[in-house]
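Hi there,

Here is the structure I promised to pass on. Have a look at it first, and then read on for what turned up in it.

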Amino acid sequence: MSRLATSEASGAGVQVLTILDTARQGPEQALLALGSTSHGLSTAEAQRRLADAGPNALRTHKASPWPVLWRQLRSPILILLIVTAGVSLFLGDATNSIVIGVILVASVGLGFSNEFRAERAAEALHSRVTHTVVVLRDGRESQIGVVDLVPGDVVRLALGAVIPADIRLLASEGLLCDESILTGESLPVDKTPAPVMGEAALGDLACCIFMGTVVQAGSCTGVVVATGGRAEFGRIALGLGERQPQTEFQLGLKRFSYLLLQVAVVLTTLIFIANLLLGRPLFDSLLFSLAIAVGITPQLLPAVVSTCLAAGTRVLAKRQVLVKRLVCIEDLGDMDVLVTDKTGTLTEGRISFTAALPVRPDITETGLFVLGLVSTEADYSRGDASTAGQNPLDTALWQAPAARGFEPAGHRRLGIIPFDHVRRRTSTLMSDGAGNQTIVTKGSPEDVLPLCGNVPQEAQALLDRQYDAGSRVVAVASRSAVGLASIEPADECGLSLAGFLVFLDKPKSNARDSLKELSRLGITVKIATGDNAKVAEKVCRDLGLASGGTLTGAQIDALPDAELTKALGDAGIFARVSPEQKARIIGLLRRQGRAVAFLGDGVNDALALHHADVGISVDSAADVAKDAADIVLMDKDLGVLAEGVREGRRIFANTIKYVLMGTSSNFGNMFSAAAASVVLSFLPMLPGQILLNNLLYDTGQLAIPGDRVDQEQLHAPSHWNIAFIRRFMLVFGPISSLFDFATFALMLLAFHAAPGEFRAGWFIESIATQTLIIFAIRTRRVPFLRSRPSAGLLLASLGVVAAGVLLPLSPLGGVLGFDPLPVLFFIALLAMVVVYLVLVEATKKWFFSRPPPGPAGDRRRGQTHRVHRRAARFSVPQPLAPR
């Protein structure tokens, strides 16, 4: 068990407690041992303890330059080149050693600066996402950041809260906790404040709740025992380290890297053996082979990807979209199905109470409204009910003008059964001023009416009229409960229907346009709601969203997976669904090969958010939903989401441009170098010249993140397809080699070039062809005429070509091993470049006319992913001290 030193309120003494120690003590004893009271800590004492114990954090989102630099330096090939350059210097070849060293430093510097800039962007975004908890400080309730929680704090938690620390319960009401993230048990656990005797395992501490677990039902008050890495969940999270599980995009990059590694190993090995068989020096053969390996690898791929993602986050941040991890932007663009809730997405999300409709002659509208108030979970005993953490319908009741006349003294609450998503109702045991006791139950009509006897015939007709009008309706029922001291679910019987409370949540004015925009992006929108089916259908009709059919929670449970999978293709609305049913829907859609995003902000959305490829929530969401999400919208607007999808697809399109151009050009050039090194009596290009060529080319590609993307590339999601990339490399790489061989022939047969001239000629031709080919490969359209590149890419590409032409002609040419070239070479080069671009354009039309293979599969996220996700909410912008 975790141990924690906590100081008494006076600061005079220190006790060392375990969570088991406090579990054996009664609530008052635990408070005393922790140096706290039932009114919580003072602000000054809490600040002192925060300085002593440190923040309640498991992660840091501080951008540190050293890990980024290490990622740049840890390439085995790069390390070999550094060692080889050192050996070269030791053996007296100082010029080649210095050239290689300068090029490697420049390459690492470019990659480092771009990746570190992306890390800084991620830090800024993460700092904007906050998670809070209700805590008693100075005897008053207030909301503080979870990272500011300290041992001894008294906290109040309600349904859906992610428990922010290891806590000893002081009081609870119908508390159930999902502890699967710690114990692996899927069933929720009952929690009560009664102390535990003797030795007990973690799962047996019924009077304690643990960091990272979730309140699945009920509410509670408790005192914090352990925070941060001293908590049980914190110990597990810190044991996993900071590294996050890989996303689909990262896995694609990994598969692509394996492809390049295979090609590089085969090619460089053959070149090395061939050069040794030709009798060339061992050291020169090794250095040349390593340079070929580096040349075939797009060294700045991480930098280009990071630059793309950083640019994307800046665009999304302007549109109020916060990304917890940069690579999630790619997954956002990948989605083709969006499952979303209704409230706040299709509707305004500002729920207002509109009417109380009694169905019994002894109940007035005012009386029905009061019954609704007393059956909320808000604590009104002090005369001022707090709606913090309450569900939107209860909040709307307390914010209604009629609530101002409520007299709490005449309605004493004796007990409560809090709302949960299984029962879908709240029940309270009340006593009025005369001592009469009553059970009041409030919840969904479908779940309350079966508990009532003698329901008036007109009640169902009244309910149907409200549903047909698109209103949200809550049923209220009651019965006398003489002599009852407490209440439990078995007491929810024999009720008499009092009437209906009606609420209104208007459709959003811009929702119709947003739905059309998502449709243009090839995204199918499906609605999953806890509301009645008629209400959901009315909203969808008003917004012009074709549902294709409705499935209720009961119908979903009745269907086996095979039949439900078939039904999901048509159904667009899932009504009265539970969290487990939402998760099942998401899972079956994903098994069909769909990339599924889920947008939700409620407690019962967390499970679905975890199951989706992309979990999306909003800043005002319940903590459990926000914590489960990958992306947080500051404004719950489908239009904002559409912007995010476009940006994700634009980033993916630009990343793939670099991959396709880099692999085809590099493969072609290195294949040419390999062939020439075997045929020629000298090396076709020196190792330093190969590295310089690669560096110049890659530098020009850093402008790709800001390039324009054709509209048709945004209308459907793109996926990593290694077979497609391999085919592209094998088709366009040989075309590049064909013109390299033409250059070899020109230099040897027409100009009778010496080694220095030959290398200068091929260096210039290689830079010109592989750089200018960007404009053909970046689009499937006719370049310039129907698809214009960005100004940045145009200037960068022309600048790189100019540098490649001028370097061999400059005073540095001799140092780099180049000799001057005749003017006729440049005329011939211009002709070759024109023919090359025309041939590539013709090949491109043929290549893209063939359908690429489309991989699809079931994507799974395991326990490690869940722990990392949940630990991300306990994050601070400064490095964490060792625990």
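Below I go through the sheets, a few strand pairs, the cavities and the aromatic pairs. Please keep in mind that this is a predicted model.

**The eight-stranded sheet**

Let me start with an open sheet of 8 strands, with mixed pairing. If you want to trace it on screen, the order is β11-β24-β23-β22-β12-β19-β21-β20. The edges belong to β11 (321–323) and β20 (550–552); each has a single partner strand, so one side of each is left without a neighbour in the sheet. From one strand to the next, the twist averages 20°.

At the β11 edge, the partner is β24 (residues 631–633), which runs antiparallel to β11 and is joined to it by 3 bridges. One residue pair to look for there is V323 with its bridge partner I631 in β24.

There is also a helix to find here: α21 (residues 579–591) lies across β12 (337–340), β19 (524–529), β21 (573–575) and β22 (596–599). Its direction is at about 160° to that of β22.

**The six-stranded sheet**

Another open sheet has 6 strands, in the order β13-β18-β17-β16-β15-β14, and its pairing is antiparallel. Here β13 (352–358) and β14 (411–417) stand at the edges; since each has a single partner strand, one side of each is left without a neighbour in the sheet. The twist in this sheet averages 25° from one strand to the next.

Within it, β17 (residues 472–480) and β18 (residues 496–504) run antiparallel and are joined by 7 bridges. V474 has L501 in β18 as its bridge partner. Helix α14 packs on this sheet and touches β13, β16 (437–443), β17 and β18, making an angle of about 90° with the direction of β18.

**An aromatic pair that involves α14**

The structure holds 21 aromatic pairs. One of them is formed by Y380 and W398, with 6.0 Å from centre to centre and 35° between the planes, which is a tilted arrangement. It links distant parts of the chain, 18 residues apart: W398 belongs to helix α14 (392–399), while Y380 is in the loop between α13 (365–374) and α14.

**Strands β4, β6 and β10**

Earlier in the sequence numbering, β6 (residues 154–157) is worth a look. It pairs with β4 (residues 132–137) in the antiparallel sense over 3 bridges, and with β10 (residues 214–226), again antiparallel, over 4 bridges. R156 of β6 is a handy landmark: V134 stands opposite R156, and R156 stands opposite T221 in β10.

**Cavities**

How many cavities of 30 Å³ or more does the structure hold? There are 5, and the largest has a volume of about 80 Å³. Of the 12 residues lining that largest cavity, N669, M670, I690, N693 and S766 are the closest to its centre. The elements giving two or more residues to the lining are α24 (638–679), α25 (687–701) and α27 (755–772). Helix α24 gives the most, with 4 residues. As for the character of this lining, 8 of its residues are polar, 4 are nonpolar and none are charged.

Enjoy exploring it, and write back with any questions!

Best wishes

Technical notes:
Residues numbered from 1 in each chain as written. Predicted model: local features only at pLDDT ≥ 70, side-chain atom pairs only at ≥ 80, totals over all residues. Heavy atoms only, no water. Pairing = 2+ DSSP bridges. Axes fitted to C-alpha atoms, helices over the stretch in contact; angles between N-to-C directions. Contact = heavy atoms within 4.5 Å. 1 Å grid on protein atoms, 1.4 Å probe; cavity = no way out; pocket = protein on both sides within 12 Å on 5 of 7 lines; lining within 4 Å. Points joined across faces, edges and corners; volume = space filled by probe spheres on them. Nonpolar A, V, L, I, M, F, W, Y, C, P; charged D, E, K, R; others polar. Phe/Tyr/Trp six-rings, centres within 6.5 Å; stacked < 30°, edge-to-face > 60°.
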